[in-house]
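Hi everyone, thanks for coming. I'd like to walk you through one protein chain today, so have a look at the picture first.

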Amino acid sequence: MIALLAVGLGGAHRASAAECVRAEIDLSEQRLYLFVDGSLRDIWPVSTARRGYRTPVGSFRPTRLERSWYSRKYDWTPMPHSVFFLGGYAIHGTTEIKRLARLVSHACIRLHPTNAANFLNLVRQAGENDTRILIRR
């Protein structure tokens, strides 16, 4: 009986450990809640889509990681420490730090450059398959 319980718990532990990094973005609060191994590690201000644009809502996994990137669509705007999750949508650093926690982007999720670098490094360490990005209204 104990052996069966141990096997059952081990299987449950492996399933929950598969999601090592989780970023939960609350659009109404303009905050990113960063969880590592299920524990809240940080809460960061973000900036998301302004009027006329839309930040996608849902559950995503990273698709591409870029230390240095420039938006071809928006006049080569710098997007440092980008974690892309849906086509051209990304969580990335911004030089407009004073505008964080406001609706100002074209749809990406902007972070303080230090937080963006930390997030990119965490995603690299955990791996794209063990990272989840959840965006809610």
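Before I start, one term: a pocket here is an open set of grid points with protein on both sides within 12 Å along at least five of seven lines. And keep in mind that what you're looking at is a predicted model.

Okay, pockets. The largest pocket holds about 560 Å³ of space. It has 25 lining residues, and the ones closest to its centre are Ser71, Tyr74, Met79, Gly88 and Cys108. Which strand gives the most to that lining? That's β10, with 3 residues. Strands β7, at 70–71, and β8, at 77–78, also feature, since β7, β8 and β10 each supply at least two residues. As for chemistry, the lining of the largest pocket splits into 10 nonpolar, 9 polar and 6 charged residues.

The second largest pocket comes in at about 170 Å³. Among the residues lining the second largest pocket are Leu27, Gln30, Tyr53, Leu103 and Arg137. Sorted by type, the lining of the second largest pocket has 5 nonpolar, 4 polar and 3 charged residues.

Hang on to Gln30, as we'll meet it again in a moment. Let's move to strand β1. How many of the residues of β1 are buried? The count is 6 of 6. You can check both faces: Val21, Ala23 and Ile25 sit on one side, Arg22, Glu24 and Asp26 on the other, and all of them are buried.

What does β1 pair with? On one hand there's β2, residues 31–36, which pairs with β1 in the antiparallel sense over 6 bridges. On the other there's β13, which runs parallel to β1 and is joined to it by 6 bridges. Ile25 is a nice residue to follow here: its bridge partner in β2 is Leu32, and its bridge partner in β13 is Ile135. Now back to Gln30. The hairpin of β1 and β2 has 4 residues between the strands, and in that hairpin Gln30 takes a positive phi near 55 degrees.

Next up, charges. In general, side chains of opposite charge can pair when their charged atoms come close. In this model the count comes to 6 salt bridges. One of them brings together the side chains of Glu24 and Arg136, at 3.0 Å from N to O. That pair links distant parts of the chain, with Glu24 in β1 and Arg136 in β13, 112 residues apart. Arg136 also forms a salt bridge with Asp26, where the closest N and O atoms are 3.4 Å apart. Again distant parts are linked, as Arg136 in β13 and Asp26 in β1 are 110 residues apart.

Are these residues buried or exposed? Glu24 is buried, because its relative accessible area is 15%, below the 20% cut-off. Asp26 is buried too, at 6%. Arg136, at 35%, is partly exposed.

One more pair: Glu96 and Arg110 form a salt bridge, their closest N and O atoms being 2.9 Å apart. Glu96 lies in the loop between β10 and β11, while Arg110 is in strand β12, so the pair ties together parts that are 14 residues apart in sequence. Here Glu96 is partly exposed, at 32%, whereas Arg110 is buried, at 13%.

And to finish the charges, salt bridges that share partners join Arg22, Glu24, Asp26 and Arg136 into one network. That's it from me, thanks for listening!

Terms used
Residues numbered from 1 in each chain as written. Predicted model: local features only at pLDDT ≥ 70, side-chain atom pairs only at ≥ 80, totals over all residues. Heavy atoms only, no water. Salt bridge = Lys/Arg side-chain N within 4 Å of Asp/Glu carboxyl O. Buried < 20%, exposed > 50% of the residue type's maximum accessible area, 1.4 Å probe, protein only. Pairing = 2+ DSSP bridges. 1 Å grid on protein atoms, 1.4 Å probe; cavity = no way out; pocket = protein on both sides within 12 Å on 5 of 7 lines; lining within 4 Å. Points joined across faces, edges and corners; volume = space filled by probe spheres on them. Nonpolar A, V, L, I, M, F, W, Y, C, P; charged D, E, K, R; others polar.
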